[in-house]
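Please examine the sequence and the three-dimensional structure shown below. The report that follows describes the fold, the confidence of the model, the core and some individual residues.

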Amino acid sequence: MNRKIIFIICCFCFFVFIQNSFSQNEHKIDSLLNVLKTAKEDTNKVHLLLKISAQYMSVNPEPMLAYDEQALALSEKLNFATGKFLSSNAMAVYYDLANDFGKALEYAKKNIKISEGNNNTDELFMAYNTIASIYDAEGEFKISIPFRLKALAMAEKLNDSLRIASACTNIGIT
């Protein structure tokens, strides 16, 4: 009898925790949406749109795409290279979450070209990780490993110990 009561209490606490977590994300989304109403058409708005998209990822991924598309369009209008990359990467993540792996790979491959064009090692690290994650989600682990190794090489080039550890962990998990 005591085990049942403890189990019920644990389940209740878990559901309260989950509900509280969603509530906090929804509150943060509402706050970001209020800021968006008065945001100027500049690079800060691109980052704001991407923050909104990222908040939706854990609550309800469906609205992500609209904010990612807006961020990409504004980045193109402003000729904001980093914004183009981040928006395109967010779209790859959205399509990965939606299990549209073909579309996710399309954006992820564009990201590699964008980051190579920007000659940006940080972006290349993200692009290789994203494409590897998509192949992992498809169960194509043999294809993902070379991208994981490229991400590790970029982390080493950046001399970023946190990213090196992350890349090594991703290789080990794959």
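The secondary structure of the chain comprises eight helices and zero strands, where helices (H or I, at least four residues) and strands (E, at least two) are DSSP runs numbered from the N terminus. Along the sequence the pattern reads α-α-α-α-α-α-α-α.

The model is a predicted one, in which local features need pLDDT of at least 70, side-chain atom pairs count only at pLDDT 80 or more, and totals for chains, interfaces and linings use all residues. Residues are numbered from 1 along each chain as its sequence is written, and side-chain values use heavy atoms, with hydrogens and water left out.

**Confidence**

The average pLDDT (the predictor's confidence in each residue, from 0 to 100) of the chain is 86, and 86% of the residues score at least 70. Among the elements of the chain, H3 has the highest mean pLDDT, 96, and H1 the lowest, 60. Over residues 5-22 the pLDDT remains under 50, and the model has two contacts beyond four places in sequence for this stretch; contact means heavy atoms within 4.5 Å. Where pLDDT is low, the predicted coordinates should not be read in detail.

**Burial and the nonpolar core**

Of the 174 residues in the chain, 36% are buried, that is, under 20% relative accessible area, whereas exposed means over 50% and partly exposed lies in between (1.4 Å probe, protein chains only). A nonpolar core is a set of buried Ala, Val, Leu, Ile, Met, Phe, Trp, Tyr and Cys residues joined through side-chain atoms within 4.5 Å. The largest such core has 42 residues, of which Ile-52, Ile-112, Tyr-128, Ile-131, Ile-134 and Phe-147 touch the most other members. Helices H1 (2-37), H2 (43-59), H3 (64-78), H4, H5 (101-118), H6 and H7 (141-158) each supply at least two residues of this core. H6 provides the largest share, eight residues.

Apart from its neighbours within four places in sequence, Tyr-128 is in contact with Ile-112, Glu-116, Phe-147, Lys-150, Ala-151 and Met-154.

**The packing of H4 and H6**

Helix H4 (residues 81-97) packs against helix H6 (residues 121-138) at an angle of about 10 degrees, and their axes are 10 Å apart. Axes are lines fitted to C-alpha atoms, for helices over the stretch in contact, and angles run from 0 to 180 degrees between N-to-C directions. H4 and H6 are therefore roughly parallel to each other, since angles under 35 degrees count as roughly parallel, over 145 as roughly antiparallel, 65 to 115 as roughly perpendicular and the rest as oblique.

**Individual residues**

Two asparagines have a positive phi, as the table shows.

| Residue | Phi | Place | Relative accessible area |
|---|---|---|---|
| Asn-119 | near 50 degrees | loop between H5 and H6 | 67%, exposed |
| Asn-159 | about 55 degrees | loop between H7 and helix H8 (161-173) | 67%, exposed |

Lys-84 lies in helix H4 and is partly exposed, at 24% relative accessibility. Not counting residues up to four places away in sequence, Lys-84 touches Leu-72, Ser-75, Glu-76, Asn-79 and Ile-114. The C-alpha atoms of Lys-84 and Ala-71 are separated by 7.8 Å, and these residues are 13 apart along the chain.
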